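Trainee: Got a minute to go through this one with me? I have the sequence and the model open.

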Amino acid sequence: MPDRIRTFVSANQSSGRLACSALFAVLLSSGCRCAARPSSEVFVSLDGGTFVMGSEEEPQERPPHRVHVSPFSISQTEVTNAQFARFVAATGYLTTAERAPDWEALREQLPPGTPKPEAALLVPGSMVFTARKWAWIAGADWRHPEGPGSSITGREQHPVVQVSWDDAAAYAKWAGGRLPTEAEWEFAARSGQSGHRYTWGDDWPDTPMANTWEGEFPVNNSLKDGALGTAPVRSYPPNAFGLFDLPGNVWEWTADWYRADTYASRADAGVIDDPRGPPSANEPTAPLEPRRVIRGGSFLCAANYCASYRTSARRSTSQDSSLSHLGFRIVK
Ligand SMILES: [Ca+2]
Ligand SMILES: [Ca+2]
């Protein structure tokens with residue numbers, strides 16, 4: 001359910017192994033299996049392997065369990081505005097946020113008897129974090145991430161945002177790939193270093209390793225990492241697989257439906273081969289919403305709030321929602 005409608009409803013309910021290392025450029029010139037395409041992503045090939053997925057930190061991350069993923073290639077960075085622009089130019093694709101919501105489709109996600117929202121809410125727009133809170137802004141979309149008057153000029157190498165899961169999946173299909181499974185995403189983030197809290201190790205570094213919210217959210221951001229909002233991809237050091245910005249910068253869609261009890265269902269099941277997630281979503285706080293797993297946290301994640309730059313952290317968003325801190329990368 002789009003967040004604008006959620007707000008309305010609430011008001012009315014009173015109701016592996018490393019194949020390409022951090023020395024990416026050197027390896028590329030020496031025959032590494034990383035491949036640059038003229039109009040799209042740089043992919044890093046991973047040999048797959050068995051790893052421990054999850055952690056003991058939050059209920060939806062428990063229990064840690066063994067998972068095997070087959071070899072796959074993953075884009076080195078989040079998909080950028082420049083890359084998404086090429087997709088739109090080639091296809092004429094219109095994102096979810098650029099289209100007026102279909103009330104008949106939306107009502108299927110709503111409690112019976114929910115009245116139709118006023119016409120002003122059924123127009124193109126999206127969710128923007130501004131002035132220390134989230135707000136639905138008419139006219140916000142991937143070209144105008146903070147709403148009318150904002151633009152992506154000068155932000156061509158920043159990750160695209162304001163894209164729904166459907167938009168991300170459409171891009172992935174056009175680019176000859178798909179969205180990563182949650183297991184593939186975590187395998188890539190762990191980069192062969194089992195059990196660490198962060199992609200780089202267990203300790204918070206003195207030198208910024210990711211674009212997060214440094215300080216007390218939402219009242220103070222020290223800007224120690226140099227970015228208040230999104231940062232250009234590759235602004236921070238890559239992980240041991242040569243992948244940038246898995247933690248932080250923007251959240252990333254995965255292919256899987258979200259259930260808080262997905263991992264619990266795998267307890268004592270031995271090594272799980274290439275898990276694709278549950279057959280349907282179930283988020284107890286939003287049982288009618290088709291929610292997908294999102295990973296990695298964003299520039300809004302701080303130690304006192306969210307902290308989802310942790311490698312095992314998992315949250316969900318309705319697949320038809322778009323937000324100013326949510327993007328994606330693709331695999332093939
Ligand atoms: Ca930051
Ligand atoms: Ca990210």
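Trainee: Let's start with α3. Which residues of that helix are buried?

Mentor: This is a predicted model, so read everything here as computed from it. In α3, which spans residues 81-91, the buried residues are Asn81, Gln83, Phe84 and Phe87.

Trainee: Where do they sit around the helix axis?

Mentor: Viewed down the axis of α3, the buried residues fall within an arc of 165°, so they line one face of the helix.

Trainee: What do those buried residues pack against?

Mentor: They pack against α5, residues 165-174.

Trainee: And which exposed residues are on the face turned away from the buried side?

Mentor: Ala89 and Ala90. Just after α3 comes Gly92, with a positive phi of about 70°.

Trainee: Changing topic: the sheet with β8 in it. What is the strand order?

Mentor: The order is β11-β10-β8-β12, in an open sheet of 4 strands with mixed pairing.

Trainee: Which strands are at the edges?

Mentor: β11 and β12 (326-327) are at the edges. Each has a single partner strand, so one side of each is left without a neighbour in the sheet.

Trainee: How does β12 pair with β8, parallel or antiparallel?

Mentor: Parallel, over 2 bridges, with β8 covering residues 251-257. Glu252 stands opposite Gly327 in β12.

Trainee: Does anything pack on that sheet, and if so, which helix?

Mentor: Helix α6, residues 182-190, packs on the sheet and touches β8, β10 and β11. The direction of α6 makes about 140° with that of β8.

Trainee: Back to the other end of the sheet. How many bridges between β10 and β11?

Mentor: There are 5, in the antiparallel sense, with β10 running over residues 291-295. Arg292 stands opposite Thr317 in β11.

Trainee: β11 is an edge strand. How many of its residues are buried?

Mentor: In β11, residues 314-318, 4 of the 5 residues are buried, so the strand is mostly covered.

Trainee: Now the core. Which residues touch the most other members?

Mentor: The largest nonpolar core has 62 residues, and those touching the most other members are Ile74, Val161, Ala168, Leu179, Ala188, Leu243 and Phe328. The largest share of this core, 5 residues, comes from α6.

Trainee: Take Ala188. What does it touch?

Mentor: Leaving out residues up to four places away in sequence, Ala188 touches Leu46, Ile74, Phe241, Leu243 and Leu246.

Trainee: Leu46, then: where is it?

Mentor: Leu46 lies in strand β2, residues 42-46.

Trainee: Why does Leu46 count as buried?

Mentor: Leu46 has 27 C-beta neighbours inside 10 Å, and the cut-off for buried is 20 or more. As for backbone distances, the C-alpha atoms of Leu46 and Phe72 are separated by 5.5 Å, with the two residues 26 apart along the chain.

Trainee: Next, backbone oddities. Which residues does a cis peptide bond join?

Mentor: One joins Arg62 and Pro63, with omega about -5°. Pro63 is in the loop between β3 (49-53) and β4 (65-69). A cis peptide bond also joins Phe217 and Pro218, where omega is about -5°. Pro218 lies in the loop between α6 and β8.

Trainee: What about positive phi in a residue other than glycine?

Mentor: Asp268 has phi near 60°. Asp268 lies in the loop between β8 and β9 (272-273). With 6 C-beta neighbours inside 10 Å, Asp268 counts as exposed. Cys306 also has a positive phi, about 85°.

Trainee: Where is Cys306 found?

Mentor: In the loop between β10 and β11. Cys306 has 18 C-beta neighbours inside 10 Å and so counts as partly exposed.

Trainee: Last thing: confidence. What is the mean pLDDT?

Mentor: The mean for the protein chain is 89, and 88% of the residues reach 70 or more.

Trainee: Where does pLDDT stay under 50?

Mentor: Over residues 7-39. The model has 53 contacts beyond four places in sequence for that stretch.

Trainee: And the overall tally of helices and strands, how many?

Mentor: The protein chain has 6 helices and 12 strands. Buried residues make up 46% of its 332 residues.

Conventions
Residues are numbered from 1 along each chain as its sequence is written. Chains are lettered from A and ligands numbered from 1 in the order in which they are written. This is a predicted model: local features need pLDDT of at least 70, side-chain atom pairs count only at pLDDT 80 or more; totals for chains, interfaces and linings use all residues. A residue is buried if 20 or more other C-beta atoms lie within 10 Å of its own, exposed if 12 or fewer, and partly exposed in between; C-beta atoms are placed from the backbone. Two strands pair if DSSP finds at least two bridges between them. Two residues are in contact if their C-beta atoms, placed from the backbone, lie within 7 Å. Axes are lines fitted to C-alpha atoms, for helices over the stretch in contact, and angles run from 0 to 180 degrees between N-to-C directions. The arc is that of the directions from the helix axis to the C-beta atoms. A nonpolar core is a set of buried Ala, Val, Leu, Ile, Met, Phe, Trp, Tyr and Cys residues joined through C-beta atoms within 7 Å. pLDDT is the predictor's confidence in each residue, from 0 to 100.
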